[in-house]
Amino acid sequence: GKQKKAKKYAVMKRMISLKDQRLKPEDRAKTQQKKKEDPSAIKEREVTKYPSCLFFQYNTQLGPPYHILVDTNFINFSIKAKLDIVQSMMDCLYAKCIPCVTDCVIAEIEKLGQKYRVALRIAKDPRFERLPCTHKGTYADDCLVQRVTQ
């Protein structure tokens, strides 16, 4: 019969040294080391520009009643904290608030299944304004960001 050999654990693969004859001259060239970034240097990154009317300090037209876009997580956290969403919004902003729920958010809650049926019932509350979605897919985060930027 065949002899059983014990497996060797934590054995590294052997590496070819740089002086080995089997290596080609272009492979033998030392790899270039990355330059360390200077922490005091100013980092440049591209940020999309939004119109100034989106910011509250420039837009004096914003006022009550506030239409507030509500996300799936917002509804779930309000359930965990045992808060009534509409009442809590009014207490926070000292004004009339109309929570708005998109079709994507409701679809996202429906996908979560039976465990989130309370959240679904809250989202379908008649006090919540329902916003229809025209795009494809049901990814709620992109939908909400798109609505806010518009």
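**Group meeting: a walk around helix 4**

Hi everyone, let me start with one residue: aspartate 141 sits in helix 6. With a relative accessibility of 34%, aspartate 141 counts as partly exposed, because the buried class stops under 20% and the exposed class starts over 50%. Its C-alpha atom is 8.0 Å from that of aspartate 71, although 70 residues of chain lie between the two positions. Keep that pair in mind while I show you the rest.

A word of caution before we go on: this is a predicted model. The average pLDDT for the chain is 82, and 86% of the residues score at least 70. Where is confidence lowest, and where is it highest? The low end is helix 1, residues 25-28, with a mean of 71, while the high end is helix 2, with 93.

Now the layout. The chain has six helices and three strands, and going along the sequence you read them as α-β-α-α-β-α-α-β-α. Out of 150 residues, 21% are counted as buried. The chain exposes about 14100 Å², with carbon and sulfur atoms supplying 54% of that. If you take the contacts between residues at least 6 apart in sequence, 68% of them join residues at least 24 apart.

Let's turn to helices 2 and 4. Helix 2 covers residues 72-80 and helix 4 covers residues 103-112; their axes come within 9 Å and cross at roughly 60 degrees. That crossing is why helix 2 is described as oblique to helix 4. Which residues make the contact? From helix 2 we have Thr72, Ile75 and Asn76, and from helix 4 we have Val105, Glu108, Ile109 and Leu112. Sorted by class, this contact has four nonpolar, two polar and one charged residues.

Staying with helix 4, its buried residues are Cys104, Val105, Ile106, Ala107 and Ile109. So what covers them? The cover includes helix 2, strand 2 (97-102), helix 5 (117-123), strand 3 (129-131) and helix 6 (140-149). Just past the end of helix 4 comes glycine 113, which has a positive phi of about 95 degrees.

Next, a residue in strand 2, threonine 102. Is threonine 102 buried or exposed? Threonine 102 is buried, with a relative accessible area of 0%. If we set aside the neighbours within four places in sequence, threonine 102 is in contact with Leu69, Leu131, Cys133, Cys143, Leu144 and Arg147.

Finally, two residues with backbone angles I would like you to look at on the screen. Lysine 82 is not a glycine, yet its phi is positive, at about 55 degrees. Lysine 82 lies in the loop between helix 2 and helix 3 (85-93), and it is exposed, with a relative accessible area of 75%. Tyrosine 94 also has a positive phi, near 55 degrees, in a residue other than glycine. You will find tyrosine 94 in the loop between helix 3 and strand 2, and at 77% relative accessibility it counts as exposed.

To wrap up, I'd suggest keeping two pictures: helix 2 and helix 4 crossing at roughly 60 degrees, and threonine 102 at 0% relative accessible area. Thanks for listening, everyone!

Technical notes: Residues numbered from 1 in each chain as written. Predicted model: local features only at pLDDT ≥ 70, side-chain atom pairs only at ≥ 80, totals over all residues. Heavy atoms only, no water. Axes fitted to C-alpha atoms, helices over the stretch in contact; angles between N-to-C directions. Helix = DSSP H or I, 4+ residues; strand = E, 2+ residues; numbered from the N terminus. Parallel < 35°, antiparallel > 145°, perpendicular 65-115°, else oblique. Contact = heavy atoms within 4.5 Å. Nonpolar A, V, L, I, M, F, W, Y, C, P; charged D, E, K, R; others polar. Buried < 20%, exposed > 50% of the residue type's maximum accessible area, 1.4 Å probe, protein only. Areas by Shrake-Rupley, 256 points an atom, 1.4 Å probe, with all protein chains shown as cover. pLDDT = per-residue confidence, 0-100.
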